[in-house]
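Colleague: I'm new to this one, so could you walk me through it and tell me what stands behind each label you use?

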Amino acid sequence: MEDGKQRFYWLFRDVDGDYYPGSAEFLRWLEGTDFFTAPASTKYHLCTPGGLVLHSVHVAEEAAAMCHRYGMHELADSAIMCGLVHDICKVGVYKPTTRRARGEDGVWKTVPSYEYDDALPLGHGEKSLFLAQRHGLQLSDEEAAAIRWHMGPYRDGDAAREMSEAFQRFPLAAILHTADMAATYIVERGVGEKP
């Protein structure tokens with residue numbers, strides 16, 4: 001868990017400088033949440049304590065690497081910032097609970113788990129963007145589009161046209177979406193998943 005938090009701060013401070021007005025206010029808010037201890041999901045990728053921050057770091061690193069790989073070096077810092085904050089919509093929504101699961105020995109037992117309870121259902125990317133800006137982080141239009149659309153068509157099937165337009169207009173939006181998919185389905189494959 002500490003490794004994820006340290007990596008998050010290293011990346012955040014590396015790209016912040018004076019470029020992101022409001023970042024100090026944003027970090028103060030983030031510290032007061034469960035961002036650094038929350039899971040990334042209830043049963044899929046990194047559903048363990050600290051999974052959310054680690055997933056955010058993975059997406060940030062993957063997005064920056066993609067920017068460099070495709071010769072879009074000028075977008076790398078924005079890609080890192082977007083990766084770090086793209087899933088802050090998950091702050092405070094995973095509640096610890098238990099569930100019954102069959103162990104490797106075939107015996108049923110009670111195991112720790114999480115349930116999802118969102119008190120502010122604004123949507124996924126929309127809520128992350130709202131929270132980042134509400135708590136002081138000033139983002140560019142391209143960064144806002146990237147965060148808003150990072151789920152691609154997996155949440156808003158009826159909004160595929162708008163997403164396509166955002167991807168055309170803002171390459172960072174397509175990069176963040178692809179980095180999120182790569183981190184989830186390749187980098188984190190099988191890590192922290194519940195049986």
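Modeller: Here come a few labels, each set against its cut-off. Keep in mind that this is a predicted model.

Colleague: Let's start with helices α5 and α6. What makes them oblique to each other?

Modeller: Their axes cross at roughly 140° and come within 7 Å. Roughly antiparallel needs an angle over 145 degrees, and roughly perpendicular covers 65 to 115. The crossing falls in neither class, and α5 and α6 are therefore oblique.

Colleague: And which residues meet there?

Modeller: From α5, which spans residues 124-134, G125, E126, S128 and L129 take part, and they meet A144, I147 and R148 of α6. That contact is made up of 3 nonpolar, 2 polar and 2 charged residues. Gly counts as polar here, if you were wondering about G125.

Colleague: Which residues of α5 are buried?

Modeller: H124, G125, K127, S128, L129, L131 and A132. Those buried residues pack against α2, α4 and α6. Just past the end of α5, G136 has a positive phi of about 100°.

Colleague: What does W29 touch, leaving aside its neighbours within four places in sequence?

Modeller: W29, which sits in helix α2, is in contact with I88, V91, L131 and H135. L131 is also one of the buried residues of α5.

Colleague: How far is W29 from L176 in space?

Modeller: C-alpha to C-alpha, 23 Å, with their positions 147 residues apart in sequence.

Colleague: Now H58. Why is it called buried?

Modeller: Buried means under 20% relative accessible area. H58 comes out at 15%, so it counts as buried. You'll find H58 in helix α3, residues 51-69. Its contacts beyond four places in sequence are R7, L46, A183, V187 and E188.

Colleague: What about the largest pocket: how big is its volume?

Modeller: About 560 Å³. There are 21 residues in its lining, and S41, Y44, H45, K90 and M151 lie nearest the centre. Two elements, α5 and α8, give two or more residues to that lining. The biggest contribution is from α8, with 4 residues.

Colleague: How do you know where empty space is left?

Modeller: You roll a probe the size of a water molecule over the atoms, and that shows it.

Colleague: And how do the lining residues of the largest pocket divide by type?

Modeller: Into 8 nonpolar, 7 polar and 6 charged.

Conventions: Residues are numbered from 1 along each chain as its sequence is written. This is a predicted model: local features need pLDDT of at least 70, side-chain atom pairs count only at pLDDT 80 or more; totals for chains, interfaces and linings use all residues. Side-chain values use heavy atoms; hydrogens and water are left out. Axes are lines fitted to C-alpha atoms, for helices over the stretch in contact, and angles run from 0 to 180 degrees between N-to-C directions. Angles under 35 degrees count as roughly parallel, over 145 as roughly antiparallel, 65 to 115 as roughly perpendicular and the rest as oblique. Contact means heavy atoms within 4.5 Å. Buried means under 20% relative accessible area, exposed over 50%, partly exposed in between (1.4 Å probe, protein chains only). On a 1 Å grid over the protein atoms alone, a cavity is a set of points where a 1.4 Å probe fits but cannot get out, and a pocket is an open set with protein on both sides within 12 Å along at least five of seven lines; lining residues have an atom within 4 Å of a point. Grid points are joined across faces, edges and corners, and a volume is the space filled by probe spheres set on the points.
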